[in-house]
Amino acid sequence: MHRRRFGVGDLLDGIAAAAVAVALFLVFLVAPREAVMGDIQRVFYFHVAAAWVGYLALLVVFAAAVVYLLRGDRRWDRVALSSVEIGMVFLTEGIVTGMFWAKATWGKPWVWEPRLTTSAVLWVIYAAYLLLRRSIEDPGRRARLSAVYGVLGFVAVPINFMAIRWWRAVHPLVFDSSGAHLAPLMLAVLIFCVVTFTLLYASLLLHRLRLEWMSEQVRHLRRQQGA
Amino acid sequence: MAYLFGAYLVLWAITFGYVFSIGARQKRLQQELQRLREQAEAEDQPTP
């Protein structure tokens, strides 16, 4: 029987899983209770981490799309697709955790203010990216159009990030030009959660890319046998 | 406290849901690859 070797991906999975356990411990047992909002503020750590990884995933999509358009190497199209899918998972998590936090502090889960509105637009843009891919049969055309879309769609990311700085918003602003408005221990826990979710993203990306590679192998064998 | 619990429940449900979906797709493709490889090997065998 074939036994798979323990590889870098397995090591990354293990580190990411351990980091998640430590992050949960830090969020619930080490981070101080916020004076005004109370325990609901503990949503903040993973809410910000999920949003950060969402941005990172879409930055990877942008970079992979640019490289694909320059070189035409289909592997970069697979990186972009994989990263969009994972980015959507984290964007959704950021939005949903934010809705719980909003309900507890503002009294309603959704307010059409700049950050939330641009987050919804960002989510729709990348959901449309996935739908676009499904609607195009020809692989070459699909990869080219998706890459162009991936480059243009990225414009929404800095707008989403800057929305609370450019326009009057209800959404809190934790980091600005004067620094972080957080207690040092809260900031340390936040940084740990961001690193944890970044590791989780890297681990998921490796698994998702393996899936694409296997899919390509299946298509190749089917073509061979059909010929 | 209910909102905090709800937020974390949904967060990890989405994460694990996605991890399981990748696992299920990998398993399905692995089986398909195995089937296609066996089929290719059977076709390569010289007929008596």
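**Note on a predicted two-chain model**

1. Chain B and its exposure. Of the 48 residues in chain B, 6% count as buried. The model is a predicted one, and what follows should be read in that light. Chain B holds 1 helix and 0 strands. Its C-alpha trace spans about 75 × 10 × 5 Å along the principal axes.

2. Overall make-up of chain A. Chain A has 7 helices and 2 strands, and the order along the sequence is α-α-α-α-α-α-β-β-α. The two strands thus follow six helices and precede the last one. The C-alpha atoms fill a box of roughly 70 × 45 × 30 Å, again taken along the principal axes. Of the 227 residues in chain A, 37% count as buried. Taking contacts in chain A between residues at least 6 apart in sequence, 76% join residues at least 24 apart.

3. The interface between the chains. On the chain B side, 20 residues are in contact with 26 residues of chain A. Sorted by class, the chain B side of this interface has 13 nonpolar, 4 polar and 3 charged residues.

4. H3(A) against H1(B). These two helices pack with their axes 9 Å apart, at an angle of about 170 degrees. Angles over 145 degrees count as roughly antiparallel, and H3(A) and H1(B) are therefore placed in that class. From H3(A), the contact uses A:Val89, A:Thr92, A:Glu93, A:Val96, A:Thr97, A:Phe100, A:Trp101, A:Lys103 and A:Ala104. From H1(B), the contact uses B:Tyr3, B:Gly6, B:Ala7, B:Val10, B:Leu11, B:Ile14 and B:Tyr18. By class, the residues of this helix pair contact are 11 nonpolar, 3 polar and 2 charged.

5. H3(A) taken by itself. The 33 residues of H3(A), at 1.5 Å a residue, should span 48 Å, and the end C-alpha atoms are 46 Å apart, which agrees. H3(A) is mostly covered, with 26 of its 33 residues buried. Just after the helix, A:Gly107 takes a positive phi of about 90 degrees.

6. The largest nonpolar core. This core has 60 residues, and A:Ala80 and A:Cys193 touch the most other members. The elements of chain A that give two or more residues to the core are helices H1 (8-30), H2 (43-71), H3 (74-106), H4 (114-135), H5 (139-153) and H7 (184-226). Helix H1 (2-44) of chain B also gives two or more, so the core draws on both chains. The largest share, 18 residues, comes from H2(A).

7. Around A:Ala80. Which residues does A:Ala80 contact once neighbours within four places in sequence are left aside? They are A:Val61, A:Ala64, A:Ala65, A:Tyr68, A:Ser146, A:Ala147 and A:Gly150.

8. Around A:Val61. One of the contacts of A:Ala80 is A:Val61, which is found in helix H2 of chain A. Is A:Val61 buried or exposed? A:Val61 counts as buried because 29 C-beta neighbours lie inside 10 Å, where 20 or more are needed. Not counting residues up to four places away in sequence, A:Val61 touches A:Ala80, A:Ser83, A:Val84, A:Gly87 and A:Gly150. A:Gly150 is thus listed for A:Val61 and also for A:Ala80. A:Val61 and A:Leu24 are 37 residues apart in sequence, and their C-alpha atoms are 29 Å apart in space.

9. Around A:Leu185. A:Leu185 has its place in helix H7 of chain A. With 12 other C-beta atoms within 10 Å, A:Leu185 is exposed; the cut-off for that class is 12 or fewer. Beyond neighbours within four places in sequence, A:Leu185 is in contact with A:Ala31 and A:Pro32. A:Leu185 and A:Pro32 are 153 residues apart in sequence and 7.5 Å apart in space, C-alpha to C-alpha.

10. Around A:Ala202. A:Ala202 also lies in helix H7 of chain A. A:Ala202 counts as partly exposed, with 17 C-beta neighbours inside 10 Å. The C-alpha atoms of A:Ala202 and A:Val8 are separated by 11 Å, although the two residues are 194 residues apart along the chain.

Key: Residues are numbered from 1 along each chain as its sequence is written. Chains are lettered from A and ligands numbered from 1 in the order in which they are written. This is a predicted model: local features need pLDDT of at least 70, side-chain atom pairs count only at pLDDT 80 or more; totals for chains, interfaces and linings use all residues. Helices (H or I, at least four residues) and strands (E, at least two) are DSSP runs, numbered from the N terminus. Two residues are in contact if their C-beta atoms, placed from the backbone, lie within 7 Å. Ala, Val, Leu, Ile, Met, Phe, Trp, Tyr, Cys and Pro count as nonpolar, Asp, Glu, Lys and Arg as charged, and the others, Gly among them, as polar. A nonpolar core is a set of buried Ala, Val, Leu, Ile, Met, Phe, Trp, Tyr and Cys residues joined through C-beta atoms within 7 Å. The expected span of a helix is 1.5 Å times one less than its number of residues. Axes are lines fitted to C-alpha atoms, for helices over the stretch in contact, and angles run from 0 to 180 degrees between N-to-C directions. Angles under 35 degrees count as roughly parallel, over 145 as roughly antiparallel, 65 to 115 as roughly perpendicular and the rest as oblique.
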